[in-house]
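I opened this notebook to record how the chains of the assembly meet. The entries follow the order in which I looked things up.

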4 protein chains.
Amino acid sequence: MSSTYGDKIKISIFGESHGNGIGVVIDGLPAGEKIDMDKVFVQMSRRAPGKDKTATPRKESDLPKVLSGMLDDTLTGAPLCAVIENTNTKSGDYSNLLSCPRPGHSDYTAFVKYNASNDIRGGGHFSGRLTAPIVFAGAICRQILEKNGIKIAAHINSIGTVKDKQFDPTNIDIKLIERLNTSSFALIDESAEEDMRNQVEEARMNLDSIGGTVECAVTGIEVGIGEPMFDGVEGVIAKAVFGVPAIKGIEFGKGFELSQMRGSQSNDPFRYVEGKVVTETNNCGGILGGITNGMPVIFRAAVKPTPSISQKQKTVDLQKKENSELEVHGRHDPCIVPRAVPVIEAVTAIAIINLM
Amino acid sequence: MSSTYGDKIKISIFGESHGNGIGVVIDGLPAGEKIDMDKVFVQMSRRAPGKDKTATPRKESDLPKVLSGMLDDTLTGAPLCAVIENTNTKSGDYSNLLSCPRPGHSDYTAFVKYNASNDIRGGGHFSGRLTAPIVFAGAICRQILEKNGIKIAAHINSIGTVKDKQFDPTNIDIKLIERLNTSSFALIDESAEEDMRNQVEEARMNLDSIGGTVECAVTGIEVGIGEPMFDGVEGVIAKAVFGVPAIKGIEFGKGFELSQMRGSQSNDPFRYVEGKVVTETNNCGGILGGITNGMPVIFRAAVKPTPSISQKQKTVDLQKKENSELEVHGRHDPCIVPRAVPVIEAVTAIAIINLM
Amino acid sequence: MSSTYGDKIKISIFGESHGNGIGVVIDGLPAGEKIDMDKVFVQMSRRAPGKDKTATPRKESDLPKVLSGMLDDTLTGAPLCAVIENTNTKSGDYSNLLSCPRPGHSDYTAFVKYNASNDIRGGGHFSGRLTAPIVFAGAICRQILEKNGIKIAAHINSIGTVKDKQFDPTNIDIKLIERLNTSSFALIDESAEEDMRNQVEEARMNLDSIGGTVECAVTGIEVGIGEPMFDGVEGVIAKAVFGVPAIKGIEFGKGFELSQMRGSQSNDPFRYVEGKVVTETNNCGGILGGITNGMPVIFRAAVKPTPSISQKQKTVDLQKKENSELEVHGRHDPCIVPRAVPVIEAVTAIAIINLM
Amino acid sequence: MSSTYGDKIKISIFGESHGNGIGVVIDGLPAGEKIDMDKVFVQMSRRAPGKDKTATPRKESDLPKVLSGMLDDTLTGAPLCAVIENTNTKSGDYSNLLSCPRPGHSDYTAFVKYNASNDIRGGGHFSGRLTAPIVFAGAICRQILEKNGIKIAAHINSIGTVKDKQFDPTNIDIKLIERLNTSSFALIDESAEEDMRNQVEEARMNLDSIGGTVECAVTGIEVGIGEPMFDGVEGVIAKAVFGVPAIKGIEFGKGFELSQMRGSQSNDPFRYVEGKVVTETNNCGGILGGITNGMPVIFRAAVKPTPSISQKQKTVDLQKKENSELEVHGRHDPCIVPRAVPVIEAVTAIAIINLM
């Protein structure tokens with residue numbers, strides 16, 4: 001296993017859905033930084049389940065206990081460990097999964113990889129619940145980034161076929177960022193919410209689930225961040241974002257649309273504006289040669305539909321070695337896109353701080 | 001800088017477009033493996049420029065000299081270093097780039113990052129020429145993978161608006177793989193070639209360039225490869241693929257299409273076929289929870305149009321600190337997608353061998 | 001900070017002496033291994049303070065709580081997190097250390113490094129107490145090593161001027177290993193204990209402390225472990241051993257004695273014994289070219305005297321920026337060598353498992 | 001294999017004694033630094049063999065060719081690759097080593113590790129010749145360190161039983177450093193040279209070899225460098241130093257002598273001198289809690305006698321699987337300590353720059 005990330009600020013995530021506790025160790029944080037724990041809890045609350053019909057009714061008490069690395073809200077420089085104890089778990093719901101892996105989940109691959117010894121209850125270490133300590137770690141990192149003028153905001157770019165507006169890639173309003181940063185159904189154009197909720201509700205009524213996309217922007221990042229080739233900004237962010245369950249695609253700037261463009265369209269012209277070099281367009285998503293060019297870094301990630309659905313599904317019985325069927329009756333989100341938004345922001349913060 | 005990749009088989013790329021030489025050190029290769037150097041040169045030849053009108057007329061003598069790590073075509077276990085000497089370079093073509101960065105290139109970001117000390121001639125360390133040692137390293141790695149039954153093949157998925165057929169994600173023909181592996185214009189449906197070449201030619205006639213997509217498949221990979229979270233197969237491959245210049249997006253399985261699907265459609269049902277667990281569909285691209293499920297690993301990457309175009313473009317003059325214009329008169333590919341195919345295969349081989 | 005070790009089995013230590021808790025995350029453990037927790041507690045008990053006059057009278061409840069990675073004493077393959085909560089701490093004892101650093105401690109260097117924000121109480125993250133989670137991690141690792149036939153034993157090689165016998169470097173008795181492995185005052189020749197305790201007691205009566213050396217042996221390790229140059233066995237073990245507070249030297253095989261020998265004496269002759277290649281002597285400590293040769297790996301580490309002594313000492317007052325004096329009245333070991341023995345064994349286990 | 005070091009400035013060494021070439025890739029160097037190549041060659045010349053009777057008469061043309069990363073003596077920021085071509089090699093001398101491993105060498109361990117595929121001629125990748133690119137890399141790093149006020153000097157601390165004076169650990173004269181830095185038989189007290197050469201000559205006449213120790217000091221290093229636990233200064237330097245062939249021990253400050261001292265003797269009292277915190281003694285070798293305290297960092301390393309001796313030695317025949325004898329008739333140094341001095345300085349420079 002390797003649930004770790006980063007070489008400057010090292011994040012090590014631990015825990016299993018129905019174990020004694022989950023959490024994170026963050027090694028390499030700068031000593032002396034004041035952390036506003038209320039702001040950390042705002043981010044964790046955005047990710048927490050149970051707020052509305054798009055999310056699972058399961059309640060979590062997700063507030064972490066900080067064991068080390070912080071004294072009176074100030075970072076000591078020592079590794080910070082935060083633990084969230086597991087309290088509300090119902091293992092019974094998952095009992096027959098041991099032999100019949102859920103389609104779209106890691107049950108089968110983890111069963112083979114871990115010699116049938118992994119804790120399969122609730123997804124074990126692969127549970128979406130493990131994104132709680134990720135959001136915690138990201139919330140610490142982004143406060144440090146903000147002191148350096150860097151802000152990160154994401155929104156629900158689409159759910160099913162319903163699309164939000166996208167960021168203006170050359171000019172992202174600070175007020176918009178602040179609004180998105182505290183929203184639990186983050187949209188640029190809030191009028192899209194009703195249609196989105198309708199698609200989610202329709203899926204839920206059909207015992208089904210639905211996917212979507214998240215768009216994320218990083219503003220205030222200076223020119224020259226990132227390394228050529230394999231430690232370029234795209235690769236470093238992608239590795240972090242694919243660490244989030246259910247993400248199956250990522251594109252920077254115009255992304256896949258670039259494949260149908262001409263160079264004369266896609267090249268972003270350089271201009272001096274107020275003595276500063278900017279680009280007139282931002283098709284490259286703020287990254288040239290793997291290195292930031294001072295424009296907002298922008299990417300979109302594809303979120304697959306929640307694999308847990310209550311419909312009967314075809315699977316295999318690994319004990320009996322025969323085909324089988326399965327109905328999953330746990331408590332699950334018909335759409336995880338809204339809750340994925342703060343998680344994407346968090347891993348982006350972790351990626352960016354490791355690039356600095 | 002960090003032009004390195006991998007922790008099991010470490011790849012360290014060096015060189016600048018117009019310097020004395022470029023090459024790679026590969027550390028961690030298994031001792032005793034026989035390498036077929038002819039097969040290595042086939043891959044390098046697929047990437048080499050100058051073969052037809054889609055590529056630059058510049059000739060390269062891209063055959064590398066192996067300095068260490070190999071004795072009579074057998075790996076010694078010591079780090080393998082291969083060097084390609086630079087012979088045919090015309091620095092004069094690039095002289096005014098020092099003050100006027102080319103749009104879409106790394107000139108500006110590298111200028112700021114490296115304090116104006118980077119070797120800007122021909123893109124320096126950011127040149128597409130640096131993909132030659134990547135292909136060399138990949139060709140070594142894929143021979144080792146092939147002995148373990150793993151094959152990698154990619155094709156031109158699209159150029160501009162012209163699309164090739166895609167891989168059958170549940171069943172990839174071995175003959176198709178072999179054909180693609182030696183093709184310099186790799187297509188599943190070869191009838192698409194003419195339309196693709198027409199779009200490239202049209203761009204070229206307009207002093208323009210054009211983008212596309214590459215699809216890549218890995219077959220024969222066993223169940224259980226990859227780690228949860230940040231070292232999942234998606235993240236590890238993505239980090240390698242974004243190391244290739246001009247790649248701006250990647251998606252696994254159905255990728256962005258999943259965002260408009262329902263869980264009942266996207267979940268791949270498990271079935272027993274001939275005593276082996278398979279999935280009926282392969283929307284997840286062979287990866288569940290970041291871990292291989294035994295089906296082909298499939299992804300697509302977006303390639304932006306070559307930024308070097310001969311049209312006049314808007315840029316800035318960094319010396320005079322004013323707006324300026326630029327015409328780039330070097331020798332450039334109007335479309336790099338065909339040559340990107342073996343490079344994508346190479347970085348995939350490097351990524352996969354590091355997951356094993 | 002970087003309180004992490006290893007790239008195969010990653011150890012991440014966290015905690016501060018007087019914080020809420022200390023512990024460790026171990027990432028990369030093999031799924032399915034049964035762990036005998038009683039044996040783990042034996043090792044932790046060997047390190048625990050308060051057993052006799054060589055150790056501090058402070059009591060610790062050092063039994064860790066496993067939060068993740070283990071289900072019914074079997075490793076799940078997910079990261080294992082173990083936490084020891086802090087219960088018995090007296091912060092008052094350390095209050096004036098904030099301005100007056102203790103000689104021989106990290107107070108001054110940590111004060112500068114962490115901008116005066118580190119948790120200085122009881123040494124903070126630099127406290128010897130942090131060796132408790134190290135011993136826990138080592139105890140897990142050594143059980144896995146033992147299943148592969150590898151055993152690790154250390155003993156008090158010397159305290160002050162009193163020396164124990166040393167290991168027979170070519171033939172280490174399994175019964176000796178077992179006896180040492182459960183001893184809290186581990187000696188090959190137990191008759192040395194009285195003289196050693198007398199030197200410790202003499203130091204204690206003089207409000208002073210005393211150093212010593214620890215010798216450690218690894219048996220059953222196969223030929224060919226370790227990498228050339230910077231990941232040789234010596235370097236990998238040394239990096240782990242210098243992670244233990246108070247260690248200031250390490251030597252392998254004959255070590256510094258080799259500097260006065262001739263090649264004809266120091267070279268270990270190869271011989272076949274029962275069809276197996278062995279060496280007649282083992283001056284190289286089982287390592288040639290950084291790689292194990294099948295003989296026991298043997299090294300000695302130098303332990304400096306406990307820097308905490310109750311005598312008046314010269315120091316500076318960092319607030320007043322003037323010379324000052326200091327008496328340290330906490331509870332401290334006059335000799336930490338006996339407790340260092342299981343810690344050295346633990347880091348050696350962690351190092352060896354990362355070499356495999 | 002893993003002949004790499006560092007995570008900030010990554011060093012990757014390649015080559016085999018009798019292959020086509022040896023060299024190094026250095027990734028992460030700062031762009032824009034001017035390098036004085038004459039100074040680099042001075043260091044390489046100090047390590048080069050053939051200068052006097054302590055060294056092998058074999059001539060090497062050790063001047064490296066820089067392939068990348070440097071333009072007109074200025075670092076470009078791209079990975080720097082330097083290659084030394086092999087010209088003067090006599091493979092015939094080593095032919096029977098394939099079946100009969102030389103005692104004290106890596107022949108046997110490498111034979112097993114690399115499945116008999118390693119290039120055994122002249123030690124292959126384990127040859128002392130590979131220290132040439134290490135010295136090159138160190139010479140680059142130390143020029144960068146010197147611009148930050150950090151100087152590194154080593155001397156022959158002892159050969160056999162003859163000892164040089166040691167550094168004054170609290171005050172190292174700049175003139176002494178400069179003298180040592182250009183000396184090929186580096187001594188603090190030059191009157192020791194004759195006795196040392198006599199011991200070497202005596203060993204040589206007896207077809208034998210002799211060991212010694214090297215002492216190294218780092219001055220001008222600021223307070224607060226190094227990390228707690230496993231990335232402490234001792235561990236990081238030790239890992240680099242054990243990368244040098246023939247090193248079997250390392251001790252910092254008073255090292256093993258501390259084991260016989262009392263805390264009241266070994267603790268270094270803090271004092272203010274000219275407004276700066278210093279210590280009156282420097283028994284800790286400038287390192288407290290793994291972190292520099294502003295005093296010189298001082299360590300000693302034990303060098304075993306050259307394993308290549310011309311006497312008949314007992315070994316095994318791995319082909320015939322029986323005991324055998326061996327006489328080594330290559331060209332070898334009876335004492336490598338003088339040539340080890342610049343190598344120790346080089347790895348120390350590489351270690352220190354990775355700690356900054």
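Entry 1, terms and conventions. I count as a polar contact a pair of N or O atoms within 3.5 Å; within protein, one atom must be able to donate a hydrogen and the other to accept it, and residues adjacent in sequence count only if both atoms are side-chain atoms. The model is predicted, so I take local features only at pLDDT of at least 70 and side-chain atom pairs only at pLDDT 80 or more, whereas totals for chains, interfaces and linings use all residues. Residues are numbered from 1 along each chain as its sequence is written, chains are lettered from A and ligands numbered from 1 in the order in which they are written, and side-chain values use heavy atoms, with hydrogens and water left out.

Entry 2, chain C against chain A. I looked up the polar contacts across this interface and found 18 residue pairs, both residues at pLDDT 80 or more. I then looked for salt bridges, meaning a side-chain nitrogen of Lys or Arg within 4 Å of a carboxyl oxygen of Asp or Glu; the rule finds 0 between chain C and chain A. On the side of chain C that touches chain A, I noted that β2 (10-14), β3 (21-27), β4 (65-68), β5 (70-71), β6 (74-75) and β7 (80-85) of chain C each supply at least two residues. Strands here are DSSP runs (E, at least two residues), numbered from the N terminus. That side divides into 15 nonpolar, 19 polar and 7 charged residues. In this scheme Ala, Val, Leu, Ile, Met, Phe, Trp, Tyr, Cys and Pro count as nonpolar, Asp, Glu, Lys and Arg as charged, and the others, Gly among them, as polar.

Entry 3, extent of that interface. Contact (heavy atoms within 4.5 Å) takes 41 residues from chain C and 41 residues from chain A. The two chains bury about 2,900 Å², of which carbon and sulfur atoms give 55%. Buried area is the accessible area (1.4 Å probe) that two parts lose on being put together, summed over both.

Entry 4, symmetry. I superposed the copies by least squares on the C-alpha atoms of residues with pLDDT of at least 70 in both. A turn of 180° with a shift of 0.0 Å along the axis lays chain C on chain A at an RMSD of 0.0 Å. That is the relation of a two-fold axis. The same surface serves both copies, as 100% of the contact residues of chain C recur in chain A.

Entry 5, chain C against chain D. I found 100 residues of chain C in contact with 100 residues of chain D. About 8,200 Å² is buried between them, 62% of it on carbon and sulfur atoms. I recorded 10 salt bridges here; one of the pairs I looked up is Glu227(C) with Lys113(D), at 3.3 Å from N to O. Strand β11 (residues 247-252) of chain C gives the most to the side that touches chain D, with 6 residues.

Entry 6, pairing across chains C and D. Which strand of chain D pairs with β11(C)? It is β11 (residues 247-252) of chain D, in the antiparallel sense over 3 bridges; strands pair if DSSP finds at least two bridges between them. Gly249(C) has Glu251(D) as its bridge partner.

Entry 7, chains out of contact. Chain B and chain C do not touch, and their nearest C-alpha atoms are 8 Å apart.

Terms used. Helix = DSSP H or I, 4+ residues; strand = E, 2+ residues; numbered from the N terminus.
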